[in-house]
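Please look over the structure below together with the briefing that follows it. The points are grouped by topic, so that each can be checked against the model on screen.

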Amino acid sequence: MWKKNQYLPVGGRRLTNTGALSPFLLWEHSSFYATMEDKEEKGASDVNPYRLLQKYYPPCTPLYRLLLTHGLMVARKALQVADRWPLLALDRRFIYEAAILHDIGIFLTNAPSLGCYGTKPYICHGYLGREILEREGYPRHALVAERHVGVGITREEIIQRQLPLPPRDMVPQSWEEKIIAYADKFFSKGEEHLTREKTLAEIEADLGRIGPEKVAIFRNWHRELQGQQ
Ligand SMILES: [Fe+2]
């Protein structure tokens, strides 16, 4: 059965220090775009993830800065993982964009500790993000948003535990979807892990609160994506 304290956004601490993006992150993301241009990957997609985020999150707000910082951290981690597997020829630009946009649905949820005052439970932010991104015309990015919550949620689980979600499989399928969901588990939108990676033990403790099967899935991802035990 779904418990309201599962799939929460953060450890419960109110955010206080989201006044500005770190200069390092800003430098890094501008240099990332420069790299894209070099490789002529820029223009492969017409998504401007910043503009899209700003359509739903006024850029002067702490929530926007929080979401962008989180997205950039997840993007960086996901690209580090992707770069371990050159033979898979992963779509780096897509990974970057989708990582920035994966949590676009949070403003529709009720998560006051983040500054979100919507009506839906936080667990809904994945499929709500999908709806937004599909409406905007980005169905591939939309699937990342829907499938990144936890280590994915199955239709069976939604029905059995009566989760407040549409009854369909929300499990990462493509390598890009899996890598972004994996990278997301290393960070939260709370102060402690906004820019500092969680340890594997901390991630497993978080997932263990949902169920031991979630820990097992994460361990498999870790073995698969990092090539480690
Ligand atoms: Fe996230």
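Gln-162 lies in the loop between α7 (155-160) and α8 (175-184), and its phi is near 50°, a positive value in a residue other than glycine. The model is a predicted one, and in it Gln-162 counts as exposed because its relative accessibility is 55%, where exposed means over 50%. The points below take up a second residue with positive phi, then the overall layout, the iron site, the salt bridges and a nonpolar surface patch.

**Backbone with positive phi**

- Ala-89 is not a glycine either, yet it has a positive phi of about 50°.
- The position of Ala-89 is in the loop between α3 and α4, and with a relative accessible area of 62% this alanine is exposed.

**Overall layout**

- The secondary structure of the chain consists of ten helices and two strands, and read from the N terminus these elements follow the order α-α-α-α-β-β-α-α-α-α-α-α.
- The chain has 229 residues, of which 53% count as buried.

**The iron site**

- Which residues supply the protein donors of the iron ion? They are His-70 and His-102, each through NE2, together with Asp-103 and Asp-184, each through OD, and they lie 2.1 to 2.3 Å from the ion.
- Along the sequence, the donor residues of the iron ion follow the spacing H-x31-H-D-x80-D. Within this set, His-70 and His-102 link distant parts of the chain, since His-70 is in helix α3 (residues 62-82) while His-102 is in the loop between α4 (92-101) and β1 (110-111), 32 residues apart.
- The angles among the four donor atoms of the iron ion run from 83 to 176°, and the site is irregular. The reasoning rests on a cut-off: four donors count as tetrahedral if all angles lie between 85 and 135 degrees, so a site with angles of 83 to 176° falls outside that class.
- For orientation, ideal angles at a metal are 109.5 degrees for four tetrahedral donors.
- Both histidine donors, His-70 and His-102, are buried.
- Asp-103 is located in the loop between α4 and β1, and this aspartate counts as buried because its relative accessible area is 2%, where buried means under 20%.
- Besides being a donor to the iron ion, Asp-103 has side-chain polar contacts with two further residues: one of 3.0 Å joins it to His-125, and one of 2.8 Å joins it to Lys-189.

**Salt bridges**

- In general, side chains of opposite charge can pair when their charged atoms come close.
- How many salt bridges are counted in the model? The count comes to 18.
- Lys-55 and Glu-136 form one of these salt bridges, with their closest N and O atoms 2.7 Å apart. This pair links distant parts of the chain, as Lys-55 is in helix α2 (residues 49-56) and Glu-136 is in the loop between α5 (125-135) and α6 (139-147), 81 residues apart.
- Within that pair, Lys-55 is exposed at 55% relative accessibility, whereas Glu-136 is partly exposed with a relative accessible area of 21%.
- The side chains of Asp-83 and Arg-92 also meet in a salt bridge, at 2.9 Å from N to O. Asp-83 is partly exposed, with a relative accessible area of 43%, while Arg-92 counts as buried at 18% relative accessibility.
- A further salt bridge joins the side chains of Lys-198 and Asp-206, at 2.6 Å from N to O. Here the lysine, Lys-198, is buried with a relative accessible area of 13%, and the aspartate, Asp-206, is partly exposed with a relative accessible area of 26%.
- Arg-130, Glu-134, Glu-146 and Arg-168 are connected to one another in a network of salt bridges.

**Nonpolar surface patch**

- Trp-85, Leu-88 and Trp-175 make a nonpolar surface patch of about 250 Å².
- Of these residues, Leu-88 sits in the loop between α3 and α4, and it counts as partly exposed because its relative accessibility is 35%, which lies between the limits of 20% for buried and 50% for exposed.

Key:
Residues are numbered from 1 along each chain as its sequence is written. This is a predicted model: local features need pLDDT of at least 70, side-chain atom pairs count only at pLDDT 80 or more; totals for chains, interfaces and linings use all residues. Side-chain values use heavy atoms; hydrogens and water are left out. Donors are N, O and S atoms within 2.8 Å of the metal (3.2 Å for Na, K and Ca); water is not among the atoms, so sites may look incomplete. Four donors count as tetrahedral if all angles lie between 85 and 135 degrees; four count as square planar and six as octahedral if opposite donors are over 155 degrees apart and all others between 65 and 115; anything else is irregular. Helices (H or I, at least four residues) and strands (E, at least two) are DSSP runs, numbered from the N terminus. Buried means under 20% relative accessible area, exposed over 50%, partly exposed in between (1.4 Å probe, protein chains only). Patches are made of residues with over 30% relative accessible area and no salt bridge: like charges are joined within 9 Å, nonpolar side chains (Val, Leu, Ile, Met, Phe, Trp, Tyr) within 5 Å. Accessible areas come from the Shrake-Rupley method with a 1.4 Å probe; for residues, only the protein chains shown count as cover. A salt bridge is a side-chain nitrogen of Lys or Arg within 4 Å of a carboxyl oxygen of Asp or Glu. A polar contact is a pair of N or O atoms within 3.5 Å; within protein, one must be able to donate a hydrogen and the other to accept it, and residues adjacent in sequence count only if both atoms are side-chain atoms.
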